[in-house]
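Visitor: I would like a close look at one part of this model. Please start with one sheet and work outward from there.

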Amino acid sequence: MLRDAWLVAAKDLQIEWRSRVTFSQVVPFAGLVLVLFGFALDANRPVLLQATSGLFWVTIMFVSTLAVQRSTSIETTDGARRALLLAGIEPPAVFVGKSIAVAVQLLAVEIVLLAGVVVLYSADVEAWGLVFATCLVATVGIAAAGTLLGALVAGVRARETVLPILLLPVLAPVLIGATRAFDDALGSVAVDGWSWLGLLAGFGVINVVLGALSYGVLLEET
Amino acid sequence: MTNPPLDLPAHTGSRTSRVLGAAVLVGVATMILLGFFVAPEDDLMADSVRMIFVHVPSAILTYVAFSVTAVGSVMWLWKRSVWWDIVAHSSAEIGVVFCGLTLVTGSIWGRPTWNTYWEWGDVRLVTTLILFVMMIGYLAVRSMGGDESAVATRAAVVGVIAAINIPIINRSVEWWADRTLHQQSSITDGKLEDWTLFTMFLGIVVWGVFYTWAMTHRFRIAWLERELRDGDLDKAIAARRAEAAASGGAS
Amino acid sequence: MVSIVSLQGVVALLGRFPALAGADLEVGESEIVLVQGPNGAGKSTLLRLCAGLLRIESGRAEVLGHDLVTDRAAVRRSVGLLGHDTALYDDLTVEENLRFWARASRIDDEAVPAALDRLGVADRLRDVAVRNLSAGQRRRTALAAVVVRRPRLWLLDEPHSGLDQGGRDLIDQVILDAASAGATVMLASHELDRTLDLATRHLTVAGGTITSDERGSREPGGHDAA
């Protein structure tokens, strides 16, 4: 099963590499959001620094809906979904593979965004370990929940508008936890960031399991 | 392919539903009487405490309705039970109304005490707000997409996702309130007078009866809608086979 | 006779519409079964059912020894379906697509060039992204993806459509070779003049049922008979 998951992940990433949608569209979008907030908050240093964690993760929330849409639409073209079933790849493997691909893309965006906040907002990172750990754990949860919901809205009309309504409430714990962890890492608020990682990890595990169990019924029935 | 006309009832009422409906009316009248004239003012909140008679029952029924939807979703996925699917859908529709009512009354009630319309430290209220959006999402998924059983499956998965994630959301909001806002403040945690408590519990019962009444009607409407749309499977099969004769073997 | 497909009174629904309203069928090895009938009769549904993609409302169905009610996943792995769509990823090249589908079916990469050769997909096209191919070339590539898996049951829905004369002859040869190697082929087609000669059996589907089932001009298992 892991082999199949890896096959699917590699295929998705290969398609992304070939078409460069994330690279040429999503990353600039994320960077633009940072710049816009700079303007909106009047380049007011203290305010920007306080808001950095929140802005970072809200941006990632929106980026994740784009990434998930893209991941799902790869399979809706020309009967690929059905063919995946016919090829005998178990649905949980498809789920894990696609989640990995989404996670990798999100991590790439996060790295760029980190560079952005360090440069544009002069963010002073006190604990890089915490920053990277948070990104990793949070992204797993985001990718899992997103991939499951992406498959759910595949083939439904107006899916671009329904997906955020479904995904963002589910991701609320990630937003809360990751932002608090970043606050600690940036030294802006006195909280214990590492304890929030526990919540993020729990969220990730639960949603990975949920996705692996439910993906099959969505792939077969819808 | 046209369906022959069905024997449709003129309305979805029945003796049971009429009894339930009457009980709701009597209950509401009693509550108004008790709520406005018998139950006393609260020491801290004065008259605004009377909001509790609507807010708490609405909150409880919101979560009851949501739980029913969750159970119905599981039953559809597990047993493909159309009955449970309709129950899940109906419960979500009614529940979303209760949810909205909970949020509005919670906000109005809190205003005099908190001095703001929204208190982020009220963990239950914040969680209920997120639940509200999720229920809207559930209903949105219901209203798009064609194939009946595919719609049911999608909605059921949303229901299960929501049911599993709501506790996590609740816990994370709780920690958030504890560790950053440094206060959890729920308007409902104060001490209540006897008559106030009684009227509140009566409210829960009355809301519960209302929920049952509304579910009965909503369920029946949905059931009849399906009958109308799908007709009889055997008739459909017969009509389909008749196409063969109609095309007369011509290829 | 080993039973490849066995359907008894199968009713299959698309939504609430009975696309198949009581189908009975027995197919054995090395048969080439032509499925024809008017539009909307249920030909495509029949093929998709045999591929294990649809749920059965009532009746009994077994494909390749697997029950279609309880074990659809096993059926899916053993058949090759070519529908109206191609199941190719637009952004990947011909070679990359084939390799993905081969590996997914646990087939060695080395079988890929041979499959592409069979279908006459020129060397120069193999590193071209699928989105840049013509419809006919895409069709050949899609068929190559089925060929490379060497399924025991081939389900082809209008395989000749979109192909030129050379391509059509090629498909016919591929079908004959598959049957003589022991596989069973079911194809739905409107091209009767070509396919009647090919088939060992000739089914007519109408109103969601199989209304006629005749021997074709070809004997199963052999090359050229009659």
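Visitor: What is the order of the four strands that form an open sheet in chain C, and is the pairing parallel or antiparallel?

Guide: The order is β2-β1-β4-β5 (chain C), and the pairing is antiparallel. Before going on, note that this is a predicted model: local features need pLDDT of at least 70, side-chain atom pairs count only at pLDDT 80 or more, and totals for chains, interfaces and linings use all residues. Residues are numbered from 1 along each chain as its sequence is written, while chains are lettered from A and ligands numbered from 1 in the order in which they are written.

Some terms come first. Strands (E, at least two residues) and helices (H or I, at least four) are DSSP runs, numbered from the N terminus. Two strands pair if DSSP finds at least two bridges between them.

Start at the edges of the four-stranded sheet. They are β2 (17-28) and β5 (66-67) of chain C, each pairing on one side only. β1(C) and β2(C) are joined by nine bridges, in the antiparallel sense. One of the matched pairs is Val5(C) with Val27(C), its bridge partner in β2(C). Two residues lie between β1(C) and β2(C), which form a hairpin. Gly15(C) sits in that turn with a positive phi of about 70°. At the other edge, β4 (58-63) and β5 of chain C are antiparallel over two bridges. There Glu62(C) faces Asp67(C) of β5(C).

Chain B meets this sheet. Helix α7(B) lies across β1 (3-14) and β2 of chain C, at about 65° to β2(C). (Axes are lines fitted to C-alpha atoms, for helices over the stretch in contact; angles run from 0 to 180 degrees between N-to-C directions.) The contact takes 14 residues from chain B and 16 residues from chain C; two residues are in contact if their C-beta atoms, placed from the backbone, lie within 7 Å. On the chain B side, α7 (233-246) gives the most, with seven residues. That side divides into four nonpolar, four polar and six charged residues. Here Ala, Val, Leu, Ile, Met, Phe, Trp, Tyr, Cys and Pro count as nonpolar, Asp, Glu, Lys and Arg as charged, and the others, Gly among them, as polar.

Chain C also has another open sheet, of six strands. Its order is β6-β7-β8-β3-β9-β10, with mixed pairing. β6 (79-82) and β10 (209-215) of chain C stand at its edges with a single partner strand each, so one side of each has no neighbour in the sheet. On average, neighbouring strands of this sheet are turned by 15° against each other, direction ignored. β9 (201-206) and β10 of chain C run antiparallel, joined by six bridges. Val205(C) has Ile210(C) as its bridge partner in β10(C).

Finish with a helix of chain C. In α4 (111-118), the buried residues are Val112(C), Ala115(C) and Leu116(C). (Buried means 20 or more other C-beta atoms within 10 Å of a residue's own, exposed 12 or fewer, partly exposed in between; C-beta atoms are placed from the backbone.) Down the axis of α4(C), these buried residues fall within an arc of 100°, so they line one face of the helix. The face turned away carries the exposed Ala114(C) and Asp117(C). Cover over the buried residues of α4(C) includes α3 (94-104) and α5 (135-147) of chain C. After α4(C) comes Gly120(C), with a positive phi near 65°.

Conventions
The arc is that of the directions from the helix axis to the C-beta atoms.
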